[in-house]
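Trainee: I should like to take a close look at one part of this model, namely a strand and its surroundings. Could you then extend the account to the salt bridges?

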Amino acid sequence: SLPVARAASASSAGSPAPTKVIVTASSLGVANQVAASVGATVVTNLSYLDAVVADVPATATTTLNRLPGVTVTPDVAISVNGVASTGAAGGRAPAADFPESTGADRLVAQGTTGSGVNVAVLDTGIDPLPDFSGRLVDGVDLSGEGNPFQDSYGHGTFVAGLIAGDGVSSGGKYIGEAPGAGLVSVKVAGPSGSTDVATLLAGIGWVLQHRIADRIGVLNISLGARPWTSTQLNPLDRAVEAAWQSGVTVVTSAGNAGPFNGTILTPGDDPLAITVGAIDDQGTPTTSDDTMAAFSSVGPTSPDGGIKPDLVASGRSVVSLRAPGSTIDTGFPSARIDTSNFVGSGTSFSAGVTSGAAALVLQSLGTPWAPNAVKARLLGSARPGPVGNPFVDGHGSLDAYDAVVGPKLTLNQSVPVLPTSPGATVSLAERWTLSTWNAHLWTGLDGNGSTATSTGPTWNGLEWNGLEWNGLEWNGSVWNGLEWNGLEWNGLEWNGSAWNGLEWNGLEWNGLEWNGLAWS
């Protein structure tokens with residue numbers, strides 16, 4: 001039986017404004033019932049999550065939280081994970097060498113372009129530019145502007161260009177990772193670049209409803225917020241897992257809150273999603289000079305202690321398509337490369353490159369619905385990363401070519417059953433057994449952790465066997481007993497300053513600038 005909540009009555013005069021929350025229960029009907037029992041107004045039904053979005057009287061929130069089997073999540077704001085870079089950053093020119101460094105250019109030359117695979121871009125919309133001609137498959141606008149193919153902020157168009165731009169506007173100079181893939185615009189934010197959890201949940205639900213008709217094989221989410229609860233209770237993570245289980249490969253950005261531990265943003269903290277951090281490729285196609293981007297978020301995840309990110313890809317001073325007249329276009333005129341292109345930095349863009357690579361893998365597999373196989377190929381083929389730390393650069397740097405032509409690895413993942421309480425201490429060795437670093441979750445590897453075939457790439461990093469983490473604990477804020485092995489925070493030196501004037505507000509760095517460097 002369902003306990004009936006009794007909320008204290010309040011007069012309309014002087015009553016606090018209702019709070020928008022997501023109420024999750026054992027079924028959609030129960031979620032509606034408990035919302036009604038406290039006088040809440042249901043705004044949206046999220047049937048795929050057994051949840052509702054509701055405006056709850058301020059006096060009733062505590063009552064709802066006390067109900068057994070009911071989870072109440074605040075509808076927090078979420079911002080895009082990448083902004084413009086102003087011209088040359090750190091003494092080097094902007095570039096778009098990622099198709100060469102990942103080997104995607106060789107795949108395209110051989111006919112693997114992502115054709116037949118559609119990528120849903122959950123973002124600020126996609127402008128109908130010539131580089132996408134004939135490949136804007138479908139779209140929905142949940143931002144209120146009424147047009148999924150109008151990008152008023154400029155972020156979604158930039159990400160879409162990295163995924164699937166064909167380079168026509170630049171004469172072939174700036175080409176996306178999968179220039180033959182289709183694009184589905186799931187617009188969740190307008191000119192500000194900000195949205196909220198409820199809108200993202202509605203966007204993911206739309207993808208689930210249209211995945212077959214629109215042949216959506218990949219969902220790119222280059223948005224994030226500081227985690228507020230365990231992935232087992234977080235409706236955003238549960239939505240990502242629902243998409244994954246339905247056959248959609250979900251690629252997320254790690255976040256731009258690095259380089260400190262515990263800064264992976266949600267939904268990049270989800271165990272199933274392919275979470276991507278950013279490297280600086282130095283504007284060259286070779287990988288030997290790559291370094292970690294200092295802003296790239298670092299694991300373990302909070303509060304669960306998950307092993308993230310999964311891999312890294314180019315994300316600093318990369319060039320992609322410009323959305324003329326958009327917020328970032330007008331706000332950062334020095335970031336314009338030519339009449340059609342722009343330069344930006346952020347893990348948003350690393351995720352976009354990886355989503356393009358996922359489309360290439362799916363075309364080679366011949367099916368749009370194989371997320372576990374895609375993740376296995378991308379992680380199992382990754383080259384050694386710049387620092388070789390699972391919590392910093394994951395399994396290594398993206399190698400799209402070997403992901404397609406290399407050994408046919410498979411991965412059987414699982415997720416934690418019980419949620420982690422905020423502030424609780426967890427064993428990293430125990431978390432290891434559920435992570436993609438556990439060789440027992442794979443097939444296609446031999447007993448030594450190498451690929452079972454004699455050709456193709458070797459498995460990078462199974463010497464991280466989990467035993468090294470025995471006795472090490474994570475409580476969501478500090479390392480207990482683990483040293484950084486002299487890496488000096490991945491090349492970033494601490495000069496004793498207190499991050500002058502910057503405050504962490506739980507969502508983004510106020511002002512979007514890091515000592516004037518604009519995240520570059």
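Mentor: The model is predicted, and what follows should be read accordingly. Let us begin with strand β11, which spans residues 216-221. Buried means under 20% relative accessible area. In β11, 6 of the 6 residues are buried, so the strand is largely enclosed by the rest of the structure.

The pairing of β11 involves two strands, taken here in turn. Strand β7 (residues 118-123) runs parallel to β11 and is joined to it by 5 bridges. Strand β13 (residues 249-253) is also parallel to β11, with 4 bridges between them. Val 218 of β11 serves as a reference point for both pairings: Val 119 stands opposite Val 218, and in β13 the bridge partner of Val 218 is Thr 249.

A further sheet may be set beside this description. It is open, has 3 strands in the order β10-β5-β12, and its pairing is antiparallel. Strands β10 (194-196) and β12 (223-224) stand at the edges with a single partner strand each, so one side of each is left without a neighbour in the sheet. Between β5 (residues 77-80) and β10 there are 3 bridges, and Ile 78 stands opposite Thr 195 in β10. Helix α6 (residues 197-210) packs on this sheet, where it touches β5, β10 and β12, and its direction makes about 80° with that of β10.

We turn now to the charged side chains. The count of salt bridges comes to 8. One of them joins Arg 135 to Asp 166, with the closest N and O atoms 4.0 Å apart. This pair links distant parts of the chain, 31 residues apart: Arg 135 lies in the loop between β7 and β8, and Asp 166 in the loop between α5 and β9. Arg 135 has 12% relative accessibility and therefore counts as buried, whereas Asp 166, at 31%, is partly exposed.

Another salt bridge is formed by Lys 187 and Asp 141, at 3.5 Å from N to O. Lys 187 belongs to strand β9 and Asp 141 to strand β8, so the pair ties together parts that are 46 residues apart in sequence. Both Lys 187 and Asp 141 are buried.

Lys 308 and Asp 310 also form a salt bridge, with 2.7 Å between the closest N and O atoms. Lys 308 counts as buried at 3% relative accessibility, and Asp 310 is buried at 2%. Finally, salt bridges that share partners join Asp 141, Glu 145 and Lys 187 into one network.

Key:
Residues are numbered from 1 along each chain as its sequence is written. This is a predicted model: local features need pLDDT of at least 70, side-chain atom pairs count only at pLDDT 80 or more; totals for chains, interfaces and linings use all residues. Side-chain values use heavy atoms; hydrogens and water are left out. Buried means under 20% relative accessible area, exposed over 50%, partly exposed in between (1.4 Å probe, protein chains only). Two strands pair if DSSP finds at least two bridges between them. Contact means heavy atoms within 4.5 Å. Axes are lines fitted to C-alpha atoms, for helices over the stretch in contact, and angles run from 0 to 180 degrees between N-to-C directions.
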